[in-house]
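Please find my notes on the structure below, as numbered points. They begin with one side chain and move outward from there.

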Amino acid sequence: MLILLNFSGQGGLFYITNILVYISICSVIGAFSVSSVKGLGIAIKDMLYQKPVFRHPLVYILAAILVLSVSTQINYLNKSLDVFNTSLVTPIYYVCFTTTVVICSVILFKEWNSLELGDIIGTLSGFFTIIIGIFFLHAFKNQQLATTDPGWCLVG
């Protein structure tokens with residue numbers, strides 16, 4: 001919490017030169033927002049089945065966590081975009097945010113207990129495929145293909 005307070009002012013006490021500080025804060029806070037939305041979704045579903053969900057304080061706690069986490073997440077994402085290039089922030093944020101949300105859902109909701117081994121392997125391989133694809137897209141985005149040279153492709 002002290003780290004968040006040190007960096008929360010206009011410019012903060014320190015000038016952050018590492019993008020992972022901003023992205024880590026956004027990703028961890030983002031995992032809280034996704035979990036809060038999921039909990040509120042379950043509460044809304046229970047409300048549709050005539051269950052008294054608004055009598056429990058958990059619904060209000062989840063709503064407060066959602067508002068605080070989304071506002072904090074947007075604040076630090078804007079700070080990272082002020083300091084660093086968008087083409088650098090976006091892929092790193094996507095990978096870190098998705099990773100923390102998956103880990104958070106595994107811990108809190110125990111969603112993977114009901115999955116079979118093949119489903120877990122398929123989910124993780126799809127996740128790693130997306131991460132590798134994002135890396136390749138941003139690693140080679142400045143490479144130029146010589147489209148004027150007719151020898152670069154086969155014509156049948």
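1. Phenylalanine 127 is buried because its relative accessibility is 17%, and buried means under 20% relative accessible area, exposed over 50%, partly exposed in between (1.4 Å probe, protein chains only). Phenylalanine 128 has a relative accessibility of 46% and so counts as partly exposed. The two rings, phenylalanine 127 and phenylalanine 128, form a tilted aromatic pair, 5.7 Å centre to centre with 55° between the planes. Rings of Phe, Tyr and Trp (its six-membered ring) pair if their centres lie within 6.5 Å; planes under 30 degrees apart count as stacked, over 60 as edge-to-face and the rest as tilted.

2. On the basis of the model: it is predicted, local features need pLDDT of at least 70, side-chain atom pairs count only at pLDDT 80 or more, and totals for chains, interfaces and linings use all residues. Residues are numbered from 1 along each chain as its sequence is written, and side-chain values use heavy atoms, with hydrogens and water left out.

3. The chain contains 5 helices and 0 strands, in the order α-α-α-α-α along the sequence. Helices (H or I, at least four residues) and strands (E, at least two) are DSSP runs, numbered from the N terminus. Of the 156 residues in the chain, 26% are buried. The chain exposes about 11100 Å², with carbon and sulfur atoms supplying 70% of that area; accessible areas come from the Shrake-Rupley method with a 1.4 Å probe, and for residues only the protein chains shown count as cover.

4. Among contacts in the chain with a separation of 6 or more, 71% are between residues 24 or more positions apart. Contact here means heavy atoms within 4.5 Å.

5. How do α4 and α5 pack? Helix α4 (residues 86–109) and helix α5 (residues 117–139) lie at an angle of about 170°, and their axes are 10 Å apart. That angle makes α4 roughly antiparallel to α5. Axes are lines fitted to C-alpha atoms, for helices over the stretch in contact, and angles run from 0 to 180 degrees between N-to-C directions. Angles under 35 degrees count as roughly parallel, over 145 as roughly antiparallel, 65 to 115 as roughly perpendicular and the rest as oblique.

6. From α4, the residues in this contact are Ser87, Pro91, Tyr94, Val95, Thr98 and Thr99; from α5 they are Phe127, Ile130, Ile131, Ile134 and His138. By class, the contact of α4 with α5 has 7 nonpolar residues, 4 polar and no charged. Ala, Val, Leu, Ile, Met, Phe, Trp, Tyr, Cys and Pro count as nonpolar, Asp, Glu, Lys and Arg as charged, and the others, Gly among them, as polar.

7. Helix α2 (residues 19–48) includes serine 35, and serine 33 is found in α2 too. Serine 33 is buried, with a relative accessible area of 6%; serine 35 is also buried, at 10%. Leaving aside neighbours within four places in sequence, serine 33 is in contact with Leu66, Ser69, Val70 and Gln73, whereas serine 35, on the same basis, is in contact with Cys104, Leu108 and Phe109.

8. Two C-alpha to C-alpha distances involve α2 residues. Serine 33 and leucine 68 are 8.5 Å apart in space and 35 residues apart in sequence. Valine 37, also found in helix α2, is 7.7 Å from leucine 62, with their positions 25 residues apart in sequence. Valine 37 is partly exposed, with a relative accessibility of 46%.

9. Isoleucine 16 is found in the loop between α1 (2–7) and α2. Is this loop residue buried or exposed? Isoleucine 16 counts as buried, at 7% relative accessibility. Its C-alpha lies 9.2 Å from that of serine 80, and isoleucine 16 and serine 80 are 64 residues apart in sequence.

10. Glutamine 50 deserves a look at its backbone: phi is positive, about 65°, although the residue is not a glycine. Most residues other than glycine have a negative phi. Glutamine 50 lies in the loop between α2 and α3 (57–83) and counts as exposed, at 71% relative accessibility.

11. The structure holds 6 aromatic pairs. Tyr22, Tyr76 and Phe84 form one aromatic cluster.
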